[in-house]
Protein chains: 2
Amino acid sequence: MRLSAYFLPTLKENPAEAQIVSHRLMLRAGMIRQTAAGIYTWLPLGWRVLRKVEQIVREEQDRAGAQELLMPTIQAAELWKESGRYDDYGKEMLRITDRHDREMLYGPTNEEMITAVFRDNVKRYRDLPKILYHIQWKFRDEVRPRFGVMRGREFLMKDAYSFDLDPAAARRSYNRMFIAYMRTFARMGLKAIPMRADTGPIGGDLSHEFHILAETGESAVFVHRDFIETDWRNREVDYDDDLQPLVDELTGKYAVTEEKHDPAMAAELGDKLVCARGIEVGHIFNFGQKYSKAMNAVVAGPGGESITVEMGSYGIGVSRLVGALIEAYHDDAGIVWPEAVAPFKVGLINLKKGDPRCDAACETLYRAFGSDVLYDDRDERAGVKFADMDLIGLPWQVIVGPKGIANGMVELKSRRTGDRQELSLEAVLERFGV
Amino acid sequence: MRLSAYFLPTLKENPAEAQIVSHRLMLRAGMIRQTAAGIYTWLPLGWRVLRKVEQIVREEQDRAGAQELLMPTIQAAELWKESGRYDDYGKEMLRITDRHDREMLYGPTNEEMITAVFRDNVKRYRDLPKILYHIQWKFRDEVRPRFGVMRGREFLMKDAYSFDLDPAAARRSYNRMFIAYMRTFARMGLKAIPMRADTGPIGGDLSHEFHILAETGESAVFVHRDFIETDWRNREVDYDDDLQPLVDELTGKYAVTEEKHDPAMAAELGDKLVCARGIEVGHIFNFGQKYSKAMNAVVAGPGGESITVEMGSYGIGVSRLVGALIEAYHDDAGIVWPEAVAPFKVGLINLKKGDPRCDAACETLYRAFGSDVLYDDRDERAGVKFADMDLIGLPWQVIVGPKGIANGMVELKSRRTGDRQELSLEAVLERFGV
């Protein structure tokens, strides 16, 4: 993409309305714009990141054996009356009346709807287990939306739902999603810590939150040092294995949010205890028969008997993750994207637009990198170009200037480390295998 | 995907509520389920098709130089008061009041919102032209939703918006989208006919609808035979060329819906006139300054003067296209997917589950085809397997039975033609290049 044509309205100044760094940087880098309180338009650069995050989430759900479908955003109130949550949910639920005066709502989550889809279409024990998921926009009418996409009203969520014949099988589904979450966050370069959690209005007795660590995180967390030091990225997992030992290993060590911190543990763990800042990006629940009983989700067993299915639900805040990634990866100059979620891999800077050698070298590089490059071909000062490129945080910058190119050389800069190298044009192409 | 594990609830009987063939077949093939009037859940098989259609639409928008972003589903009513459409839109607009008693709505289209996004972020004439698009769920509260996804209330639409400095440039953007639409439908195997259209509540004076032809189409259309005989699929287009001659060629021939048909043309065209059935799948508008004037979308010109931008909008009903494709491609046994949008390319049928040679051959084929195969590994009668595979309409069936496989042979069946071939296992793999 050529920056001269790209819709990328960057801002020099910090917007007054943004209180946290990810919100500030998403506005400044031209990733989002607010269109109503807690409701955002994702501009092209932000949309590219959101899509990459979504795709990693999708691939890891698929790998764990979950199947993707898509439920609608608008739901009938009757469904929620069946489960009893319609009245409980309160003002966070966006309630709607349609032209025929039917009560509808914008889904804040989908336990009821997926239970109805399952109940109406799955009848036999042989069709279980099933894990179904979708990636869809949700709405929660927060009383004070803030922090940009971290606590918006309309937000993109991946929610999966498992259906099993008995509690032991339900635990296996839970473990699959548990491990899928660890892999998902690790692939994005995030250090995720699972923490035992309360189940709240979803219900059930087994639940974990996943917090990723970021210096500017929303809440204090206390975690065993081993969590910090274990790298999940290259860990191979076979989902057909018994995953319980791995889950036990990951949940056997101390990891809690501030509210649940036991000061006695500080003494016990000594320097094995790390106090850090965390951001909640996922939450999983095993809630047994709470919805299947209320909504009569049963299948016929081998002898024809009725089996009320065991369920769990598994959420990842996809749009929230984009903000969380920036909280984890930024510096004073702007965003520092991990490669897996970067909107473009390479930013190409032409320091002297109109200089035939600079232009020719840039065109060669631009064609070679294809869709993975953002080419700053604007007629702007070098300082503006450097500042914008640092702000939007692409992992690599290739800088083409008249002096270097006279000797066939360009500069390669790592956004993360700031390291710069002089390389020939050919060496750059070779370095990226293009 | 193994069918024994796949969430594919096919139906033997025609559902009583479905009046048209695409609705019947989408329900029977386990592609969708209604969750409220005119609101559907896309089950895994339907979701795969919707994604493929969406991706073709996206690629052709990108190729034509449009840039993707994502606007939210929920909009503030104020935006629509600026354009004057809030009161005009009537009961089809789903109106919502949030917890702070602010008037909101579920977007039925996005002219107002994109105009505001543009106005707030683009200030200089040098930043034009721009074509911005998104693929997002919309809601229109139809008084009588029917025909499945063909006239649902919550539906997926691609809507693009162009911004230009003067009418001539706006016409160039219009032409780009016009040609992109021809390419988009052709890639899906659809014969699309552009027809001069009224602009209705969107406004403006230049507009075309795109109708695809299907024997079971919703309305009669009268078109010049040349449209039927021209194949767009292999036509190369350079979007930097002047596209006007091509658009003139495509709009110079007679093509109208029944309401606009002039009986005198029948005499004039003779056997060059074809009466067919059509389904509207796209609509494009050039509406000049209608929204930019009302909402003050201006940029500074070369001399600092204010230029009110020229706009157009360009819609494709993405979820509607899935229904339209089935109207165009089905037979008595079920759906007949064109390869470009088929949920899987190959259906693999194991006629004797448990037979070691059949099982081994199927596993070999299953691994080789990867994500492009649906493997019927169920313990069902052959007749059930054949019927289900014909119903869901994958382009190719590979049938593995004990007699053939004893000689190393399997059967390859084309769903479209019904042609069957006996081939060796190796020849099948070679045939598909896997």
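Start with helix H1 (residues 21-28) and helix H11 (residues 318-328) of chain A: the axes of the two come within 8 Å and cross at roughly 105 degrees. H1(A) and H11(A) are therefore roughly perpendicular to each other, a label that goes to angles of 65 to 115 degrees, while under 35 counts as roughly parallel, over 145 as roughly antiparallel and the rest as oblique. Axes here are lines fitted to C-alpha atoms, for helices over the stretch in contact, with angles from 0 to 180 degrees between N-to-C directions. Helices (H or I, at least four residues) and strands (E, at least two) are DSSP runs, numbered from the N terminus.

Show side chains for A:Val21, A:Ser22, A:Leu25 and A:Met26 on H1(A), and for A:Gly323, A:Ile326 and A:Glu327 on H11(A); these make the contact. Two residues are in contact if their C-beta atoms, placed from the backbone, lie within 7 Å. Color by class and this patch has four nonpolar, two polar and one charged residues. Ala, Val, Leu, Ile, Met, Phe, Trp, Tyr, Cys and Pro count as nonpolar, Asp, Glu, Lys and Arg as charged, and the others, Gly among them, as polar.

A quick note before moving on: this is a predicted model, where local features need pLDDT of at least 70 and side-chain atom pairs count only at pLDDT 80 or more, while totals for chains, interfaces and linings use all residues. Residues are numbered from 1 along each chain as its sequence is written, and chains are lettered from A and ligands numbered from 1 in the order in which they are written.

**Next stop: the five-stranded sheet of chain A**

Select E20-E19-E21-E22-E23 of chain A, which is the strand order of an open sheet with mixed pairing. Two strands pair if DSSP finds at least two bridges between them. Strand E20 (373-376) and strand E23 (420-424) stand at the edges with a single partner strand each, so one side of each is left without a neighbour in the sheet. On average, neighbouring strands are turned by 25 degrees against each other, direction ignored.

Zoom in on strand E19 (residues 346-350) and strand E21 (residues 396-400) of chain A, which run parallel and are joined by five bridges. Which residue stands opposite A:Asn350 in E21(A)? Click on A:Val400.

Now add two helices. Helix H12 (residues 356-369) of chain A lies across E19, E20, E21 and strand E22 (409-414), running at about 165 degrees to E19(A). Helix H13 (residues 382-392) of chain A lies across E19, E20 and E21, at about 175 degrees to E19(A).

**Hop over to H13 in chain B**

Highlight B:Lys385, B:Asp388, B:Met389, B:Asp390 and B:Ile392, the buried residues of H13(B). Buried means 20 or more other C-beta atoms within 10 Å of a residue's own, exposed means 12 or fewer, and partly exposed is in between, with C-beta atoms placed from the backbone. What do they pack against? Helix H2 (44-63) and strands E18 (334-335), E19 (346-350), E20 (373-376) and E21 (396-400) of chain B. Just after H13(B) comes B:Gly393, with a positive phi near 75 degrees.

**Follow E13 in chain A**

Strand E13 (residues 273-288) of chain A takes several partners in turn. Strand E10 (residues 206-213) runs antiparallel to E13(A) over eight bridges, with A:Leu206 partnered by A:Asn286. Strand E11 (residues 219-224) is also antiparallel to E13(A), over six bridges; look for A:Phe222 with A:Cys275. Strand E16 (residues 310-317) adds six antiparallel bridges to E13(A), and A:Gly288 stands opposite A:Met311.

**Last stop: where the chains meet**

Show both chains. A rotation of 180 degrees with 0.0 Å of shift along its axis superposes chain A on chain B, with an RMSD of 0.0 Å; the copies are superposed by least squares on C-alpha atoms of residues with pLDDT of at least 70 in both. The two copies are thus related as by a two-fold rotation axis. To find the axis, go to A:Ile96, whose C-alpha is the nearest to it in chain A, at 2.9 Å.

How many residues does each chain bring to the contact? Chain A gives 39 and chain B gives 39. Among the elements of chain A giving two or more residues are helix H2 (44-63), helix H5 (111-121) and strand E7 (130-139). The chain A side has 24 nonpolar, six polar and nine charged residues. Finally, 100% of the interface residues of chain A are also interface residues in chain B, so the copies meet through the same surface.
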